[in-house]
Amino acid sequence: MPKLELNETEIEMWTGLTPSSYYTIDWEEPDANTRHPGLMVAHAVFMSTAFFGALPIGIALRSVKHPAHPVAVFSFYALCVLGWASGALYTKMTPNMWHGSLGWVVLFFAATLTAIDIFAGIHRCIAYLRSGDKFNLKTFWQTVVLNKRMALGGLDAEYTSLVQEPEEYEDKQAANNTNERIRHHRRSSEGTVFDAESATSSMDALNNIKSRAHDSSSEGTRLALIGNIAFATAERVLVFAGFALVLSGIVVYTGGCRGDRINICLAHLIKGGIFWCYGLLTFARFLGSFAEFGWAWNKSPSANAYSAEFVESLVIFTYGASNTWMERFGAKAGDPYTTKQIQHISIAVMFWFAGLIGMGIESRRIRKWLASSTTTSIDRSRLHKEASVEPPSYTGSFNPFPALVIGVTGAAMAAHAQAYVFEVQIHQLWGNLLVAFSVLRCFTYFFLWVAPPKSVLPSRPPTEALGSFFLACGGLVFMLSTEEVSIAAMRRGRDDVMMFLNVAVAMTCFAFCWTICMVGFKGWLKARAKLAPAHRIIA
């Protein structure tokens, strides 16, 4: 049975004495010469402002090719330098404990993305200088710095022309010249019989130019599209890498996750962090993000876009396939499987194969195979008559497996055996929050099944607003339910479930407020870009 009171003797026997940390130096040590909490606060403020302020603002500015984007990039690195300097000074003035290297990895990743961006700008500069056009400062700024020239080619994506093709531009210019010659011939031939042979030859020349332009640029456009998607994804991942820095910074500052506790500590932080980020992304979908892919509970504008449920199932599959083999970390060869290991491995296997089922349901090819049993059993005349009439439910995806695995995980963890009653209560809390998300997602499918989306605009079902909140809040409590946090709360008389819930709710509300500000700011920029005169948008 779980115990009510903390057994310090048992804890010391299994985990040893709690070592000192930067936190104990700053807030519990009597020696004022070694205490410098102000520098640590400055470090946290500068780095948080960089990754959660300047970086997402820069991403939003880039999406509309705003002139202030370089200012946002400079602000990001300036804040990072200030954060690094305050952190280095703090480390220099306090006793040496232990440090992590994740911050350097993330900063190197950010610098690599910036370097790619700079090289792309150099490539655009070379292409502009080789074009033979007369130099104009305004045109140079919008073409090279803001990368707006390629909007004439119809590639209206956020990250178009990281790779440009000068040949494509020249072919388009030649095609435009041919069109102009045809128009001039028509104007000069007014009142006479139109020269059909001349027009035919001109049109043939135009078609040949278009064909050459398509052949020469198709490969470059395909590579550019892949590069654009990869760059956009990596830049957005950088925001979540900043969240990982926050977690690692808290761990280092408080001296957690040491020795034999590292595996269970990382499990709580990584898994809970995934649910937290998943909840924020789901709320962003509710607000209208990713509507261009049909992920905002709207009708997809493109028939070839992957559904959000496919991406969710892919992430679930990847998590399960990798985590299955991680539950035995720390075990010696030949050690028998413990009950907890079997519990966690079975959950990972559920993620693995439920993710496969979810991807299979979203596969268009598999759907055609599943429909073949019906299409082959009815007469051809009826099949031809009904071939173009799809059920209304085909306009959306109603895949319950992502919600199923999260709900089952929550229900299982709510019944997870723990050493202390407080730990049991905390696990029940975040387990029930995940179950609530699963139930609300099923309600979303129910209402959308009754009335499938008919517009490409975000439908914003209220069940998703609540579900995303429960999912993010459950992920946060998941992170707070690690054994070290629970023991620290019991030692200080803070083992109160209501307090943990209220703190988690308050932090989730704050994060959701940040999300709506970032998504709203990006929408405001795009609305201004659409209302701006054409000469301000395209060089």
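Is C125 buried, partly exposed or exposed? With a relative accessibility of 21%, C125 counts as partly exposed, because the buried class stops at values under 20%. Keep in mind that this is a predicted model.

**The whole chain**

Let's step back and look at the fold. The chain has 19 helices and 0 strands. Of its 539 residues, 38% are buried. Now consider contacts between residues with a separation of 6 or more: 80% of these contacts come from residues 24 or more positions apart. The accessible surface of the chain is about 30,600 Å², and carbon and sulfur atoms contribute 67% of that surface.

**The cysteines**

How many disulfides does the structure hold? The answer is 1. This disulfide links C257 with C265, and the S to S distance is 1.7 Å. Both partners can be placed in the buried class: C257 has a relative accessible area of 8%, while C265 has a relative accessibility of 4%.

What about C473? This cysteine is in no disulfide. Its nearest cysteine sulfur belongs to C509 and lies 8.2 Å away, and a disulfide needs two cysteine sulfur atoms within 2.5 Å, so this pair does not qualify. C473 is also buried, with a relative accessible area of 1%.

Here are the four cysteines with their accessibility side by side:

| Cysteine | Relative accessibility | Class |
|---|---|---|
| C125 | 21% | partly exposed |
| C257 | 8% | buried |
| C265 | 4% | buried |
| C473 | 1% | buried |

How values were computed: Residues numbered from 1 in each chain as written. Predicted model: local features only at pLDDT ≥ 70, side-chain atom pairs only at ≥ 80, totals over all residues. Heavy atoms only, no water. Helix = DSSP H or I, 4+ residues; strand = E, 2+ residues; numbered from the N terminus. Buried < 20%, exposed > 50% of the residue type's maximum accessible area, 1.4 Å probe, protein only. Contact = heavy atoms within 4.5 Å. Areas by Shrake-Rupley, 256 points an atom, 1.4 Å probe, with all protein chains shown as cover.
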